[in-house]
Amino acid sequence: MSSNNINKENSPPHRTIKSFVLRQGRLTKAQQSALNDHWQAYGIDYSEQVLSIDKLFKNNNEIILEIGFGNGESLLQQATNQPQYNFIGIEVHSPGVGHLIHHACRQGVHNIKVIRHDAVEVLKHQIADSSIKQVQLFFPDPWHKKKHHKRRIIKPDFIQLIHRKLKPGGLFHMATDWQDYADYMLEQMDNAEGFINTSGTGNFSADRASRCETKFERRGLKLGHQVWDLIYQKR
Ligand SMILES: C[S@@+](CC[C@H](N)C(=O)[O-])C[C@H]1O[C@@H](n2cnc3c(N)ncnc32)[C@H](O)[C@@H]1O
């Protein structure tokens, strides 16, 4: 057997490029206890089986799903402000997940569940098609160096995945403080099959009222960054 063949056989299966790098951030005591004691109430374990969402929440309210919620403060605020909806947050960073569960528990907010896993895999395997009223992607990692652009979560396959998961008429709301990424999102989304730009082709959205300020947004604003919102509707 040639060494080439040996290498091929032993090499790991093809790895897809991820939109995140898992940082082993330290959990505070409160975050760790929240994960230990309240995962049953707030957490959804990742599996490749489609979730029956109606069994997760004790009502049939519509679902708003957020990808990469960070420390979850803005998601929690939104869930508090909008008790008429159920919220699913997806985040890979354990301290952020612990932080959200800790505060949701303290504030007695129950219309929220979290999944600690890669959102792309969760959407592909765990979320039923045409089941989500709104998907939110706020301040995704901009991967601003050109050689890292391939890590950006917004790309044609991902956009079509979001399209599949939204109900007809459902919304995809994005925001970023990186102009170059904002322009790229606008171009990709305006050209995406099956979506309508709610502000008209070529325009960013001026609707900030429907969104709570996030931690990364605050950080960007302090640095003097501008913020661009984009809202698209599934045809
Ligand atoms: C720049 S932070 C923004 C956090 C938050 N949305 C905010 O505005 O404060 C991006 C977050 O997305 C998460 N993330 C990136 N790719 C992800 C993926 N594929 N699945 C789940 N979370 C992801 C990262 O762990 C990180 O916490």
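Helices and strands here are DSSP runs, numbered from the N terminus. The model on screen is predicted.

**Stop 1: the ligand**

Select the ligand and show the residues around it. The ligand is surrounded by 17 residues, and the closest of them are S19, E91, A119, F138 and T214. Coloured by class, this shell has eight nonpolar residues, five polar ones and four charged ones. Now switch on a pocket display, if your viewer has one: the largest pocket is the space taken by the ligand.

**Stop 2: polar atoms around the ligand**

Keep the ligand selected and add S19. An N or O atom in the side chain of S19 is 2.8 Å from a nitrogen atom of the ligand. Next add G68, and show its backbone. Here a backbone N or O atom lies 2.8 Å from a ligand nitrogen atom. Then add T214, where an N or O atom of the side chain is 2.6 Å from an oxygen atom of the ligand. How much of the ligand does the protein bury? Taken alone, the ligand exposes 600 Å², and the protein buries 95% of that.

**Stop 3: from T214 along α9**

Stay on T214 and extend the selection to helix α9, residues 215-222. T214 caps the N-terminal end of this helix, with a side-chain oxygen 3.4 Å from the backbone nitrogen of F216. Follow the chain past the helix to G224, which comes after α9 and has a positive phi, near 85°.

**Stop 4: the loop between β4 and α7**

Return to F138, one of the residues closest to the ligand. Then select the loop that runs between β4 (132-138) and α7 (156-165), where F139 is found. Most residues other than glycine have a negative phi. F139 is not a glycine, yet its phi is positive, about 55°. Is F139 buried or exposed? Buried means under 20% relative accessible area; F139 has 9% relative accessibility, so it counts as buried.

Move on to W143, which lies in the loop between β4 and α7. W143 is another residue other than glycine with a positive phi, near 40°. Its relative accessibility is 17%, and therefore W143 counts as buried.

**Stop 5: T16**

For an exposed residue, select T16, with a relative accessible area of 53%. Where is T16 placed? It is in the loop between α1 (3-10) and α2 (29-42). Add L171 and draw a distance between the two C-alpha atoms. T16 and L171 are 155 residues apart along the chain, and their C-alpha atoms are separated by 27 Å.

**Stop 6: D229 in β7**

Select strand β7, residues 228-234, and pick out D229 within it. D229 has 0% relative accessibility and counts as buried. Which residue does the side chain of D229 contact? Show R208: the side chains of D229 and R208 make a polar contact at 2.5 Å.

**Stop 7: A182 in α8**

Finish with helix α8, residues 179-190, which holds A182. A182 is buried, with a relative accessible area of 0%. Add V227 and draw a C-alpha to C-alpha distance. A182 and V227 are 45 residues apart in sequence and 8.8 Å apart in space.

Terms used
Residues numbered from 1 in each chain as written. Predicted model: local features only at pLDDT ≥ 70, side-chain atom pairs only at ≥ 80, totals over all residues. Heavy atoms only, no water. Near = heavy atom within 4 Å. Polar contact = N/O pair within 3.5 Å; in protein donor to acceptor, adjacent residues only side chain to side chain. Areas by Shrake-Rupley, 256 points an atom, 1.4 Å probe, with all protein chains shown as cover. 1 Å grid on protein atoms, 1.4 Å probe; cavity = no way out; pocket = protein on both sides within 12 Å on 5 of 7 lines; lining within 4 Å. Sits in = over half its atoms within 2 Å of the grid points. Nonpolar A, V, L, I, M, F, W, Y, C, P; charged D, E, K, R; others polar. Helix = DSSP H or I, 4+ residues; strand = E, 2+ residues; numbered from the N terminus. Buried < 20%, exposed > 50% of the residue type's maximum accessible area, 1.4 Å probe, protein only.
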